Amino acid sequence: MLAAGILAASCGDGTGDAGGSPAETPAGAETADTVAPADPEASDTSPEPESEPADTSAPARQDEPEPHPSDAYFALDRVMDISIEIDGADWDTLRHQTRTLEDVFAEIEEFGLSRPFADIYTWFSATVTVDGETHAEVGVRKKGFVGSQSDTKPSLKLRFDRYVDGQSLGGVMERMTLNNSVQDPSMVNTCMSYRVFAAAGNPASRCNFATVAVNGKDLGLYVHVEEIKAPFLLRHFDSAEGNMYEGNVSDFTPVYRGTFEKKNNEDANDWSDIDAVVAALDDPSDAGLEALGEIVDLDRYLSHWATEVLIGHWDGYAGDRNNYWFYREPGGRFVFIPWGVDDTFHLRDDPNPFDDISDPPVSVLALTAIPNRLYNHPDWRAAYVERLKDILETVWDTEALLAAVDEMGAVVQQHALPAEREAAAEDTERVRKFILKREGEILADLTPEPPEWPEPEGYIPADAGSGTLEVGFSTTWGSNLSGDFPGDGTIHSLVLNGSPEPIENMGVFAGRASPDEVPLLPGAREPASIVVVSVEDDGSLSGMSLVVELDRLEPGATLVVGADAIGGGVWSIPAGAAAPDSFSPFAEGTLELSEAGTARGDAIAGTFSGRFGWDLVPGAADYGTALVDVGLVINEVAAKGDQLDWFELHNSSREPIVLDGFVFADDLADAGKRVAFPAGTTIEAGGYLQIELDSDGWPGFALGGDEELGIWLADGTGVDKVDWEEGDSGGDQSYARIPDTTGDFQTVGNPTPGAPNQP
């Protein structure tokens, strides 16, 4: 157990040492290059993947940073006394600088998710005294995103060298971060969380407490947190010259990638390392995982992820794509760093408010791209579970953790304002209860098997049918953020399948497209949406969505589906549900805009007429997506093969086809069943390839008499499909294209795997 590690960390250590050897990497998930070397000077090589998953029972913990003179400023038994003297007008301006949720929505409306959120805070000059050491011309500003905002007790950043080069506290501290802890009445969440992160081998900030007074007014107790700057990096890494990023509402997906904030090396407009992560995650094959492991230290990420789950950090990367940093040394791989850990140690009765998964498990959190990709790979799921269990065994020492809570709680009771002490004492009991229950509830959740977690985009709504639609509308830009429902716009007319429809209880929205709407117009740079919605008597919704490139929204514009940057469809959502249960795309349609503008409140008005239905999309009936001709053809299927079921592919193109970018499944509707071909699988030009489906080697595959089979590109675009009935492919038979490679499927009595089909 790490009783000494936890308590030592609470007295100013940056990282505990739990011992154990570095974990190896699951075979087939990434190359051995992703294993954190035991020797910090070890070279970065890339041998072939191992044939079996290697031992993942112990985290790859890093060496504890050497003692540093600044450690004294983070000792738990030192509650610093900080006095700030600042011009009264400046202080009033500083404390009232605030970002609201409406501001966030307005920024999304104006810029989408194409850039980091704006820095709204201003630096002011002040005289600052810390434990009797006084410095003039110290930079002071407010900090926080939304939830920690306060105009009476604002969170603060101090920068001693802001206006005076080289000025520092005690000759060793140039910056201080002071959190108001308004979201954590106990005031112990932050320091406790960083101590657990550190003890589990993660680079984590040092943390203690300080009392703060401004112009003689006592603001009470603050949490003092080490900033993630060059001194922090040099304590945990060999170099501080690499790329460092912060994630706030950010993820490694095309939709959220633009919100990452580069924290250094800003002059180099090079985002290739971020784009490499996005590209690797976009490849569902094992080759994609190998590529991911070449740019992200996945072994170290396991420890970060498991610790987030262990302390209930729902507002971190794995849960809310928020509050995290990551750093890549020159020539190295990304390592994740925790931040903003004040909303932790909450029991299961306090679920993630951004989690729309019903009855979520307590032992895993995988709402974002990297943890979701890993957890839905069998080797990496096993590695994650082993890492979580190991940290439980070696770090989660209940008695030591409770002792640390008591020690911090005593500091809070002694130094917090009297009005805060009762609430702090009550909320500290919440932390104690969490610690007492956490190990048991996680182990129970893992027994007898780890819980499932849904893959992203694993749900395809049912076909909403086909028909025609004509609608006239008017609304304003930004109405999708107004909160009014069903919208502040007006439907002037609605004709469905040639018949006029009632327009009561209908509305229309316009604004930046939401992440759920973006896929309706793949490849759009700045997607906007116009949404017509009808509220039914039972509370269910029906409507249509149009997604348009932002720069095409102009007065007098005419946009044609299939020719211009516009897409969409009709849908329905059951009462109380968050996602559609049916959807059909527009196969044809014309949007004519009489008014258009993209500033808040601008008029958006016009008409749309179109035809919708999967059966109207060439090749997409009963398939859920249009087919694209890349030369790859499903040519023959044996549902009762001897000895294994199999299917045959043909390359009708003039070039070899490497199947690394393709996936296949024995279900045309459930995207969660799609799996990648073995890495490097190639079909030569004009060649045939037989794929045998051993249910042991291909979990879930055992083709039946009434079955279907589909091939997709990695982005979900359909390539080919076949659907057969009972009796179409019996014993000693196959279901094959006649004529070979181009004809319709029919039953043949002479299967020809790997060769042209014969009538």
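Which loop holds Asn497, and between which two strands is it found? Before going there, note that this is a predicted model, in which local features need pLDDT of at least 70 and side-chain atom pairs count only at pLDDT 80 or more, while totals for chains, interfaces and linings use all residues. Residues are numbered from 1 along each chain as its sequence is written, and side-chain values use heavy atoms, with hydrogens and water left out.

**The whole chain**

Begin with everything displayed: the secondary structure of the protein chain comes to 13 helices and 33 strands, where helices (H or I, at least four residues) and strands (E, at least two) are DSSP runs numbered from the N terminus. Of the 759 residues, 54% count as buried, and the accessibility classes used throughout are buried for under 20% relative accessible area, exposed for over 50% and partly exposed in between, with a 1.4 Å probe and protein chains only. Among the contacts with a separation of 6 or more, 67% are accounted for by residues 24 or more positions apart, a contact being heavy atoms within 4.5 Å.

**Two residues with positive phi**

Now select Asn497, which is found in the loop between strand 14 (490-496) and strand 15 (499-500). Asn497 has a positive phi of about 55° although it is not a glycine, and Asn497 is partly exposed, with a relative accessible area of 46%.

Move next to Met187, in the loop between strand 5 (175-179) and helix 4 (189-199). Met187 also is not a glycine and has a positive phi, of about 65°, but Met187 is buried, with a relative accessible area of 4%.

**Helix 7 and its surroundings**

Select residues 286-295, which form helix 7; 7 of its 10 residues are buried, so the helix is largely enclosed by the rest of the structure. The buried residues are Ala287, Gly288, Leu289, Glu290, Leu292, Gly293 and Ile295, and what covers them includes helix 8 (298-310), strand 10 (324-328), strand 11 (334-338) and helix 10 (369-375). At the start of helix 7, zoom in on Ser285, from which a side-chain oxygen reaches to within 3.2 Å of the backbone nitrogen of Ala287.

Add helix 6 (272-282), which is also included in that cover. The axes of helix 6 and helix 7 come within 8 Å and cross at roughly 160°, axes being lines fitted to C-alpha atoms, for helices over the stretch in contact, with angles running from 0 to 180 degrees between N-to-C directions. The two helices are therefore roughly antiparallel to each other, on a scale where angles under 35 degrees count as roughly parallel, over 145 as roughly antiparallel, 65 to 115 as roughly perpendicular and the rest as oblique. In this contact, Asp273, Ala276, Val277, Ala280 and Leu281 of helix 6 meet Gly288, Ala291, Leu292 and Ile295 of helix 7.

**Helix 11 against helix 13**

Carry on to helix 11 (residues 378-394) and helix 13 (residues 418-445), whose axes come within 11 Å and cross at roughly 155°. Helix 11 and helix 13 are therefore roughly antiparallel to each other. To see where they touch, show the side chains of Leu388, Lys389 and Leu392 in helix 11, which meet Glu439, Ile442 and Leu443 in helix 13.

**Two cis peptide bonds**

Beyond helix 13, Pro448 is found in the loop that leads to strand 12 (462-463), and the peptide bond from Thr447 to Pro448 is cis, with omega near 0°. Another stop is Pro739, in the loop between strand 32 (734-738) and strand 33 (744-748), where the peptide bond from Ile738 to Pro739 is cis, with omega near -5°.

**Three further residues**

Select Ser150, in the loop between strand 3 (133-142) and strand 4 (156-159); Ser150 is buried, with a relative accessible area of 14%, and its side chain reaches the backbone nitrogen of Lys153 at 3.0 Å. Leaving aside neighbours within four places in sequence, Ser150 is in contact with Arg95, Lys142, Asn180 and Val182.

Within strand 3 itself lies Ala136, which is partly exposed, with a relative accessible area of 42%. The C-alpha atoms of Ala136 and Glu85 are separated by 9.2 Å, although these residues are 51 residues apart along the chain.

Finish at Arg525, in the loop between strand 16 (506-512) and strand 17 (527-535); Arg525 is exposed, with a relative accessible area of 62%. Neighbours within four places in sequence aside, Arg525 is in contact with Glu549 and Asp551.

Notes: A polar contact is a pair of N or O atoms within 3.5 Å; within protein, one must be able to donate a hydrogen and the other to accept it, and residues adjacent in sequence count only if both atoms are side-chain atoms.
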